[in-house]
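User: I am new to this structure and would like a close look at one part of it. Could you pick out a single helix and walk me through its surroundings?

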Amino acid sequence: MTSADYLPILILILIAAPFAGIAILLPSVLGPKNPNRMKQEAIESGMIPFADARRRFPVQYYMVAVLFIIFDIEVIFLFPWAVSLNQLKIFGLIEMGVFLGILLIGYLYVWKKGAFEWE
Amino acid sequence: MVPTHYYLILAAIIFSMGALGVLVRRNALIIFMCVEMMLNAVNLTLVALANQWGNLSGQVFVFIVMAVAAAEVAIGLAIVMAIVRHKDTINVEEINLLKW
Amino acid sequence: MSLPTLDFSLILPELVVLITALLVLIADLLWPRAASRGREQAPAVLALAGLILAGLLTLLAGEWSGATLQGMLVADALARYLNLVVLLAAALGLLLSWSYLPHFSTQRSEYYALYLLAVAGMLFLGKSIELITLFVSLEILSIALYVLTGFHRGQLAGGEAALKYFLLGAFSSGFLLYGAALFYAATGATRLADIAAQNAGGFYMLAGLALFLVGLGFKLAVAPFHMWAPDAYQGAPTPVTAFMSVGTKAAALVALFRVVQAAGSVPVGVWATALAFLSLLTMTLGNLAALRQSSLKRMLAYSSIAHAGYLLVGVVAGTAAGFDAVLFYLFAYAFMNIGAFAIASLLERPGFYAVQDAGIHAADGLFGRRPWLAVAMAMFMLSLAGIPPLAGFFGKLYLFAAAVESGWAWLAVAGVLNSVISAYYYLRVVVGMFMAEPSASAHLRLPLPASATLAVALTALGTLLFGLLATPWFQGISR
């Protein structure tokens with residue numbers, strides 16, 4: 001096969017390339033243009049992108065702070081209980097056991113969910 | 001001793017300031033802080049009254065209100081977080097997908 | 001000092017719901033996710049079992065009487081009917097969640113645990129006869145519902161709805177709390193019975209009651225404190241909307257009734273007149289706004305506001321017959337409203353990132369696609385509009401009759417006129433289902449999950465039976 005045999009292909013490229021180029025350029029020159037946010041949105045496999053993927057978001061501090069608030073505030077129920085435990089005796093002990101038991105379930109839950117892991 | 005109604009008037013003023021703040025401020029966090037101010041004004045009222053009536057109901061009420069307020073803080077911050085991750089704003093006027 | 005005696009037998013249903021909530025939460029820890037298919041639904045099964053057990057305990061409890069836990073909670077007939085309404089609404093909403101939740105979330109334990117906590121809050125609210133327990137119950141149900149409203153984390157509307165609900169809910173809690181503090185200022189007591197016994201008059205009592213009404217009005221979505229409701233109801237996952245629109249109303253109405261009865265020293269004319277105007281404003285605003293909605297869910301949200309107005313009529317009447325009518329209407333409302341939301345949820349196209357709301361024309365041509373669904377929806381719409389012989393008609397009949405008996409004829413007339421207005425937008429849906437062609441966007445294969453079908457069938461049956469057997473039921477309630 002000589003190089004002359006490639007001539008038809010060269011001719012085809014010479015005709016097709018400008019044609020394709022014109023076909024792409026012409027609509028963008030002639031066609032109506034009204035870009036809006038929706039159209040310029042990045043396509044993420046059909047999902048609506050809702051945030052910049054590169055934004056840093058330090059969530060750990062928030063998690064620890066919120067968990068601290070919740071478990072810390074429960075102490076206010078312990079103070080009056082401690083003061084009156086002499087009179088409440090075994091009844092008070094059981095009641096506080098129930099209260100702390102419920103708290104413990106919440107604690108185990110956040111622990112198992114990995115909320116205490118910083119990384 | 002400071003008369004009880006001084007406390008009540010002070011608490012009423014703080015409560016009104018909080019309520020006004022909720023209505024005029026546009027930042028979700030500040031609105032939320034105003035709500036907390038309202039709750040604490042009520043706490044002040046309750047403590048002053050517990051002293052006046054000489055029973056403990058008012059003080060117990062305050063404990064409970066504090067615990068509930070803490071739970072509200074946790075939930076409120078979580079909701080604000082969720083919105084910030086979506087939208088990068090906590091201005092309630094810009095959070096207007098649904099008609100406000 | 002004498003130790004308090006605690007009679008837990010009177011709050012057995014509430015304890016069952018609470019313990020189930022904790023179990024559901026732990027279930028996720030015991031069986032980590034990505035387990036077999038059966039385990040995926042374990043939290044839902046557990047939650048449903050808990051609700052049914054609580055319902056059975058309520059039904060079988062014999063005659064409930066007497067206060068428990070140092071006069072903080074009371075188990076009476078009122079609380080029993082409230083228990084049944086709330087548990088019914090919760091079970092129906094749970095059936096809807098069953099197939100709806102997997103569309104957008106894998107966090108089933110959290111969802112069902114919060115759901116059960118909201119139920120427990122409502123049940124306790126219905127039994128509260130003391131200001132502290134009343135406040136705590138109200139907060140338990142509210143906080144759980146704030147989270148549930150924003151549970152669809154993929155879409156902004158959910159978060160926005162949750163934020164609005166939360167901010168205004170917390171705001172209203174402040175008012176309610178201040179009202180409670182002023183009751184305490186007037187009487188030095190926090191038990192409703194003690195407050196009533198003091199018979200204190202004066203500024204504190206009046207202002208306290210007014211603030212209390214504002215606080216509960218927010219929770220009930222009574223105009224002019226209703227602005228959060230359409231947004232929260234539209235943005236929340238539809239099963240949550242269905243459940244909370246019934247459950248919260250029921251529980252808050254019982255609390256309102258108890259508080260209003262306790263504030264006996266405030267002249268009846270004062271608070272009843274105030275409530276009557278709120279009721280009139282609520283139903284009128286709700287119905288007029290519902291006329292102009294383009295989303296089916298938002299239309300139902302406004303319809304639910306209007307219904308808060310109707311329900312208040314029974315409280316305004318102030319008689320036992322009035323509140324019996326409220327209880328009857330709550331049952332009817334649980335069936336027809338949850339049924340309507342159930343069908344709205346079936347017409348939606350939920351996805352992980354956004355739910356496409358069912359538009360007002362989503363139900364068009366439903367009769368051609370799913371005939372039985374269309375018939376059921378027609379029943380719910382007609383019942384909500386108050387057309388005989390369905391449950392909603394008798395509910396309104398008893399409510400308005402009670403109002404007329406206690407001299408509130410003008411309010412009853414306003415209620416009837418409002419029902420006529422509301423018929424327009426309800427019937428529009430019905431006409432669309434039977435007459436119109438399906439809209440172009442309607443996907444022809446409407447999926448019909450078994451659990452949601454069961455919910456629709458039960459609500460349709462309830463709407464029909466409560467209508468046909470209205471008289472014996474009502475007599476059962478008023479006995």
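**A close look at helix H7 of chain C**

Analyst: Please keep in mind that this is a predicted model. To set the scene, the C-alpha centres of domain 1 and domain 2 of chain A lie 72 Å apart. Those two domains cover residues 3-40 and 60-112 of chain A. The elements of chain A run α-α-α-α-α from the N terminus on, giving five helices and zero strands. Of the 119 residues in chain A, 1% count as buried.

Now let us turn to chain C, the home of our helix. Its secondary structure comes to 20 helices and four strands. Chain C has a radius of gyration of 21 Å, close to the 23 Å that the globule rule gives for 479 residues, so it is as compact as a globular protein of that length. Along the principal axes, the C-alpha trace of chain C spans about 65 × 55 × 40 Å. In chain C, 63% of the 479 residues count as buried. Among contacts in chain C between residues at least 6 apart in sequence, 80% join residues at least 24 apart.

Here is the helix itself. H7(C) covers residues 156-187. It has 32 residues and reaches 46 Å from its first C-alpha to its last, close to the 46 Å expected at 1.5 Å a residue. Of the 32 residues of H7(C), 31 are buried, so this helix is largely enclosed by the rest of the structure. Just after H7(C) comes C:Gly188, which has a positive phi, near 70°.

What does H7(C) meet on the side of chain B? In the interface, 30 residues of chain C are in contact with 34 residues of chain B. Three helices of chain C each supply at least two residues of the side that touches chain B: H6 (131-149), H7 (156-187) and H10 (228-235). The largest share of that side, 17 residues, comes from H7(C). By type, the residues of the side of chain C that touches chain B divide into 19 nonpolar, seven polar and four charged.

One residue makes a good place to zoom in. C:Leu167 is found in helix H7 of chain C. C:Leu167 has 22 C-beta neighbours inside 10 Å, and it takes 20 or more to be buried, so C:Leu167 counts as buried. Leaving aside residues up to four places away in sequence, C:Leu167 touches B:Ala28, B:Ile31 and B:Phe32.

For contrast, let us look elsewhere in chain C. The C-alpha atoms of C:Leu167 and C:Ala276 are separated by 27 Å, with their positions 109 residues apart along the chain. C:Ala276 is one of the residues that C:Val316 touches. The others are C:Leu275, C:Ala272, C:Ser279, C:Ala403, C:Trp408 and C:Leu411, again not counting residues up to four places away in sequence. C:Val316 is also among the residues with the most contacts inside the largest nonpolar core, which has 233 residues. Others listed with it include C:Val85, C:Leu116 and C:Met377. Helix H14 of chain C, residues 320-347, gives the most to this core, with 21 residues.

To bring it back to our helix: H7(C) gives the largest share of the side of chain C that touches chain B, and 31 of its 32 residues are buried.

Key: Residues numbered from 1 in each chain as written. Chains lettered and ligands numbered in written order. Predicted model: local features only at pLDDT ≥ 70, side-chain atom pairs only at ≥ 80, totals over all residues. Domains from an automatic or database assignment. Contact = placed C-beta atoms within 7 Å. Nonpolar A, V, L, I, M, F, W, Y, C, P; charged D, E, K, R; others polar. Rg over C-alpha atoms; globule rule 2.2 N^0.38 Å. Buried ≥ 20, exposed ≤ 12 C-beta atoms within 10 Å, placed from the backbone. Expected span 1.5 Å × (residues − 1). Core = buried A, V, L, I, M, F, W, Y, C linked by C-beta atoms within 7 Å.
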